[in-house]
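Me: I've got a protein model open and I'm not sure how to read it. Could you walk me through it, starting with what's packed inside?

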Amino acid sequence: MFLPETIQQAETQNSAWRASTGRLFRCRQACQDRGANRRRLLIASLLALCVGCLLLLESGSVGSLAESPISNPGRVLLVTAHPDDEVIFFSSTITALHASGLEVFLLCLTNGDAHGLGGVRERELRAAAKALQIDSAHLNILNDSRIQDGHHEEWEQDYVANVVRKEVRRLLINTIITFDPAGVTGHKNHKGCHDGVRQYVTACAMEEEEGSKKCPNAWSLTTTDDLRTHLSIFDIIYSAVDGHRGNESAMFLNHDLLGMFRAMAAHKSQSRWWRHVLLTRYTFVNTLQRVKPLLTDWALPLPVPAGLDSTAVGAGGVQGDLITTAAASSGAVAKRGKFMARMSRRVMKNIRR
Ligand SMILES: [Zn+2]
């Protein structure tokens with residue numbers, strides 16, 4: 001070890017040590033200041049983005065109907081699985097459609113009776129619909145023994161498709177909106193909504209091919225990955241960039257956050273889902289994709305399953321719309337044959353080109 005031989009050497013060594021310690025202290029101080037500045041800058045940027053997103057919401061300048069491929073949606077039917085789906089997942093779509101002066105009809109396929117709260121949840125949904133400005137006459141909540149709430153409930157695709165078809169005919173619907181195949185949360189009932197609507201759209205497309213009718217357009221709510229889902233309001237920016245792809249997608253911003261919060265408050269028995277409302281993108285923005293008909297062998301037209309009658313679609317059920325299973329099935333097989341033959345011819349033509 002080096003020991004100072006004189007007092008002068010000791011003093012020189014001491015002052016050098018003080019100088020280096022001072023430099024170290026000043027450096028640490030500067031680094032801390034720089035870190036704090038970066039944090040402030042980050043918070044300020046996030047706040048600015050947040051304000052920007054809120055201004056976009058307020059102005060409604062992005063995602064208006066005029067800019068979306070759903071430019072003339074006519075009468076819109078929203079098909080959901082449970083009371084509260086309309087708020088947690090679809091409030092952006094509902095409020096945007098209302099802001100454009102359009103009528104929205106809500107078909108909730110169950111009354112949310114999985115835990116014996118069906119009656120309570122029905123009342124909550126009526127209150128929530130009011131907060132979202134959905135007329136009570138536009139609301140149909142089913143309590144059908146073959147479409148029950150629950151993760152383990154199996155819904156027959158054809159049965160759901162028939163329920164949708166009856167509602168479309170009863171209300172003269174032009175546009176249907178529902179979940180996509182992933183169902184946002186992956187809930188089996190959400191997926192059941194999509195499967196039923198897609199089955200209806202497929203069967204309808206086959207009838208349209210025959211020239212007998214004009215089918216409604218169907219759209220599904222896009223499920224995003226976890227990161228985007230939890231970007232919350234900031235996903236507006238991502239959606240604005242990514243949301244429009246030709247005629248196949250559309251985007252809606254929430255036009256009535258206050259109404260949406262009031263609607264969620266009406267679902268008192270579901271208060272645990274507030275975190276979902278506050279922390280996910282669906283509260284602020286919905287992106288929709290067109291539902292395309294299935295062109296597979298099992299995309300059958302709709303034989304009416306036994307037991308489905310007009311009472312299954314609520315008080316205003318369809319009149320004179322019952323088809324016997326046998327007649328529907330035989331007609332369906334013939335139509336399917338013709339349709340598949342026509343599709344095959346088209347495919348072959350394209351291949352030959
Ligand atoms: Zn649900």
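Reply: Sure, and keep in mind that this is a predicted model. The general idea first: in soluble globular proteins, nonpolar side chains tend to be buried together. Here the largest nonpolar core has 64 residues, and those touching the most other members are Leu77, Leu78, Val79, Leu106, Val164, Ile176 and Val197. Helix α7 (residues 188-209) gives the largest share of this core, seven residues.

Me: Can we zoom in on one of them? Which residues is leucine 77 in contact with, leaving aside its neighbours within four places in sequence?

Reply: Leucine 77 has Phe105, Leu107, Glu167, Val168, Leu171, Ile173 and Ile176 as its contacts once those neighbours are set aside.

Me: Okay, now the strands. In what order do they sit in the sheet?

Reply: Generally, strands of a sheet pair through backbone hydrogen bonds, either parallel or antiparallel. In this model, seven strands make an open sheet with mixed pairing, and the order is β3-β2-β1-β4-β5-β7-β6. β3 (139-141) and β6 (249-253) are at the edges with a single partner strand each, so one side of each has no neighbour in the sheet. On average, neighbouring strands are turned by 25 degrees against each other, ignoring direction.

Me: In which sense do β5 and β7 pair?

Reply: Antiparallel: β5 (residues 217-221) and β7 (residues 285-290) pair over three bridges. Look for serine 220, which stands opposite glutamine 289 in β7.

Me: And which strands does helix α5 lie across?

Reply: Helix α5 (residues 157-171) crosses β1, β2, β3 and β4, and runs at about 155 degrees to β1. Helix α3 (residues 91-99) runs at about 85 degrees to β6, lying across strands including β6 and β7.

Methods
Residues numbered from 1 in each chain as written. Predicted model: local features only at pLDDT ≥ 70, side-chain atom pairs only at ≥ 80, totals over all residues. Pairing = 2+ DSSP bridges. Helix = DSSP H or I, 4+ residues; strand = E, 2+ residues; numbered from the N terminus. Axes fitted to C-alpha atoms, helices over the stretch in contact; angles between N-to-C directions. Contact = placed C-beta atoms within 7 Å. Core = buried A, V, L, I, M, F, W, Y, C linked by C-beta atoms within 7 Å. Buried ≥ 20, exposed ≤ 12 C-beta atoms within 10 Å, placed from the backbone.
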